[in-house]
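Visitor: Could you walk me through one part of this structure up close? I'd like to see how that part sits among its neighbours.

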Amino acid sequence: MTVLVQENDPTTAVLPSQLMDLLVCPVDKQDLRLHGHELVCTSCGRHYPIEDGIPNMLVEDAG
Ligand SMILES: [Zn+2]
């Protein structure tokens with residue numbers, strides 16, 4: 001899996017914080033937090049993979 005990274009700033013390598021602020025869980029509209037290369041819902045715990053810097057928010061693919 002290839003992820004574009006800003007090598008000098010790993011905290012924003014996966015997603016910019018502005019984008020994180022806009023994203024919510026599509027199931028329950030709760031906040032997501034970044035866990036590795038996935039977004040994890042703080043409420044229901046679903047995982048949403050980030051593929052090439054784009055969050056995959058399809059509920060069908062959430063684990
Ligand atoms: Zn959720």
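**A close look at strand 2**

Guide: Let's start in the middle of things: Leu39 faces Tyr48, its opposite number in strand 3. On the other flank, Leu39 is the bridge partner of Leu34. One thing to keep in mind is that this is a predicted model. Strand 2 is a good place to look, since confidence in the chain is highest there, at 95, while helix 1 (residues 17-22) has the lowest, with a mean of 86. Over the whole chain the average pLDDT is 83, and 79% of the residues score at least 70.

Now for the surroundings. The chain has one helix and four strands, and from the N terminus the elements run α-β-β-β-β. The four strands make an open sheet in the order 1-2-3-4, with antiparallel pairing. Strand 1 (32-35) and strand 4 are the edges, each with a single partner strand, so one side of each has no neighbour in the sheet.

Take the strand 1 side of strand 2. Strand 1 and strand 2 run antiparallel and are joined by four bridges. Besides the Leu34 and Leu39 pair, you'll find Arg33 opposite Val40. The two strands form a hairpin with two residues between them, and in that turn Gly36 has a positive phi of about 65°.

Cross over to the strand 3 side. Here three bridges join strand 2 to strand 3, again antiparallel. Glu38 stands opposite Pro49, next to the Leu39 and Tyr48 pair. This hairpin has five residues between its strands, and Gly45 takes a positive phi near 80°.

Which way do the side chains of strand 2 point? They alternate: Leu39 and Cys41 are buried and point to one face, while Glu38 and Val40 point to the other and are not buried. That fits the usual picture, as side chains in a regular strand alternate between the two faces of the sheet.

The buried pair leads straight to the core. Leu39 and Cys41 belong to the largest nonpolar core, whose six residues also include Cys25, Leu32, Tyr48 and Ala62. So the Tyr48 that stands opposite Leu39 is a core member too; in soluble globular proteins, nonpolar side chains tend to be buried together. Cys25 is worth a click: leaving aside residues up to four places away in sequence, Cys25 touches Gln30, Leu32, Cys41, Ser43, Cys44 and Arg46. Don't picture a chain full of buried residues, though: of its 63 residues, 13% count as buried.

Step off the end of strand 2 and you reach Thr42, in the loop between strand 2 (38-41) and strand 3 (47-51). Is Thr42 buried or exposed? Thr42 is exposed, because it has 12 other C-beta atoms within 10 Å, and a residue counts as exposed at 12 or fewer. Thr42 still has company: not counting residues up to four places away in sequence, it touches Gln30, Asp31, Leu32 and Arg33. Thr42 and Asp31 are 11 residues apart in sequence, with their C-alpha atoms 5.8 Å apart in space.

Let's finish further along the sheet. Strand 3 pairs with strand 4 in the antiparallel sense over two bridges. One hairpin holds these strands, with two residues between them, and Asp52 in its turn has a positive phi of about 55°. Glu51 has Ile54 as its bridge partner in strand 4. Ile54 itself sits in strand 4 (residues 54-55) and is exposed, because it has 10 other C-beta atoms within 10 Å. In sequence Ile54 and Leu15 are 39 residues apart, yet from C-alpha to C-alpha the gap in space is 8.0 Å. As for how far contacts reach along the chain, 19% of those between residues at least 6 apart in sequence join residues at least 24 apart.

Notes
Residues are numbered from 1 along each chain as its sequence is written. A residue is buried if 20 or more other C-beta atoms lie within 10 Å of its own, exposed if 12 or fewer, and partly exposed in between; C-beta atoms are placed from the backbone. Two residues are in contact if their C-beta atoms, placed from the backbone, lie within 7 Å. A nonpolar core is a set of buried Ala, Val, Leu, Ile, Met, Phe, Trp, Tyr and Cys residues joined through C-beta atoms within 7 Å. Two strands pair if DSSP finds at least two bridges between them. pLDDT is the predictor's confidence in each residue, from 0 to 100.
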